[in-house]
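Take the sequence and the model side by side. The paragraphs below move from charged pairs to the interior, and then to the cysteines and the loops.

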Amino acid sequence: MSTQDERFDRQTFLGERAPDIFSRARVAVIGLGGGGSHIGQQLSHVGIRNLYYFDHDAVTFSNLNRLVGATVADAEREVLKTAVAGRIHSGLHPDGCAKLFPGRWQDHVSALRECDIIVSCVDSFAARRDLEAEARRGLIPLIDIGIDVHPAISGPPRLVGQIILSMPGFPCMQCLGFLSESNLAKEAADYGAAGPRPQVIWPNGIVASFAVDLVVDLLTDWTGEIRGPVYLSYDGNRRTVTPSTRLSAAPLTCVHYPRTQVGAPAFRRL
């Protein structure tokens, strides 16, 4: 048994073609904070050799409670988060390919369109809307994760999150009720007033692991069960991850992104 074969001998249940699939797949991770840093690390360990990392931020001391792979030295030197993710990946795949894009994904759309799967770890509803629209244009599956903390009238705050698989042709995040005109409008009205959002490492790790599970299953089809959208709800207070009731109420096909509206937007003279 070669060193490479031995490295993945505990993953043989994924199928004999899995190592080859992982070596050729191209996965984008948008946002390398608490969730995205977990995802990049796990995908590297699984064997994904071609990772595309997008993030414009540098490491700060406030990141160190949740940013996997970051060190005090990185915060002191304000190392880019993409560099931290690339360092982890190259340590596991010296001959692999981690493409680093230290900026907005909108400035690197051509690179994003090279990917087979996009994992969204962005912070706002508007950012999710824009990224999903781009994924739909390219017919690329999009996995979205997020964590939030809501104050309660009584008792402890509510720690909640979501893991959503948005598949071309199937219900989008608007169809699923996660994105709406009302929450987009409220977010726009509150812009700049929310302050820092509470984040800690363990819930990020939970939703990130489910996202990696979806990436692996989409690539290998090892369960044979993913044939449409997925919407999971995380309840940190109850320590549960369950299918969202919104999924059963969604339309069978997407009403916001018709399959005919693919490719880059085209403009014509009126």
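Lysine 99 and glutamate 114 meet through their side chains in a salt bridge, at 3.6 Å from N to O. In this predicted model, lysine 99 belongs to strand β3 (residues 97-101), while glutamate 114 sits in the loop between α6 (109-112) and β4 (117-120), so the bridge ties together parts that are 15 residues apart in sequence. Both ends have some access to the surface: lysine 99 is partly exposed at 31% relative accessibility, and glutamate 114 is partly exposed at 32%. Side chains of opposite charge can pair when their charged atoms come close.

The structure holds 16 salt bridges. Another of them links arginine 129 and aspartate 130, with the closest N and O atoms 3.0 Å apart. Here too the partners count as partly exposed, arginine 129 at 34% relative accessibility and aspartate 130 at 31%. Aspartate 9 and arginine 10 also form a salt bridge, with 4.0 Å between the closest N and O atoms. Arginine 10 is exposed, with a relative accessible area of 73%, whereas aspartate 9 is partly exposed at 32%. Beyond these pairs, salt bridges link Arg113, Glu134 and Arg137 in a network.

From the charged pairs we turn to the interior. In soluble globular proteins, nonpolar side chains tend to be buried together. The largest nonpolar core in this model comprises 37 residues, and Phe22, Ile39, Leu43 and Ile143 have the most contacts inside it. Helix α9 (residues 201-220) is the element that gives the most to this core, contributing eight residues. Apart from it lies another core, of 23 residues, which includes Phe54, Cys115, Val122 and Leu179.

What does leucine 43 contact, leaving aside its neighbours within four places in sequence? Its partners are Val27, Val29, Ile48, Leu51, Val212 and Val215. One of these partners, valine 27, lies in strand β1 (residues 26-30). Valine 27 has a relative accessible area of 0%, and because buried means under 20%, it counts as buried. Not counting residues up to four places away in sequence, valine 27 touches Leu43, Ile48, Asn50, Leu51, Tyr52, Cys115, Ile117, Val119 and Val215. Among these, Val119 is 92 residues away from valine 27 in sequence, yet their C-alpha atoms are 7.5 Å apart in space.

Cys115, one of the residues touched by valine 27, leads to the cysteines. How many disulfides does a search of the whole structure find? The search finds zero. For cysteine 115, the nearest cysteine sulfur belongs to cysteine 97 and is 10 Å away. Cysteine 115 counts as buried, at 5% relative accessibility. For cysteine 254, the nearest cysteine sulfur is that of cysteine 172, at 3.7 Å. Because a disulfide requires the two sulfur atoms to be within 2.5 Å, cysteine 254 is in no disulfide. Cysteine 254 is likewise buried, at 11% relative accessibility.

The backbone gives further points to inspect. Glutamate 78 has a phi near 55°, a positive value in a residue other than glycine. Its place is in the loop between α4 (72-77) and α5 (81-92). Is glutamate 78 buried or exposed? With a relative accessible area of 57%, glutamate 78 is exposed.

Aspartate 221 also has a positive phi, near 55°, and is a residue other than glycine. This aspartate is found in the loop between α9 and β7 (230-235). At 34% relative accessibility, aspartate 221 counts as partly exposed.

That loop leads on to β7, which runs antiparallel to strand β8 (residues 240-243) and is joined to it by four bridges. Aspartate 235 has threonine 240, in β8, as its bridge partner. The hairpin of β7 and β8 has four residues between the strands, and in this hairpin arginine 239 takes a positive phi near 60°.

Technical notes:
Residues numbered from 1 in each chain as written. Predicted model: local features only at pLDDT ≥ 70, side-chain atom pairs only at ≥ 80, totals over all residues. Heavy atoms only, no water. Core = buried A, V, L, I, M, F, W, Y, C linked by side-chain atoms within 4.5 Å. Buried < 20%, exposed > 50% of the residue type's maximum accessible area, 1.4 Å probe, protein only. Helix = DSSP H or I, 4+ residues; strand = E, 2+ residues; numbered from the N terminus. Contact = heavy atoms within 4.5 Å. Pairing = 2+ DSSP bridges.
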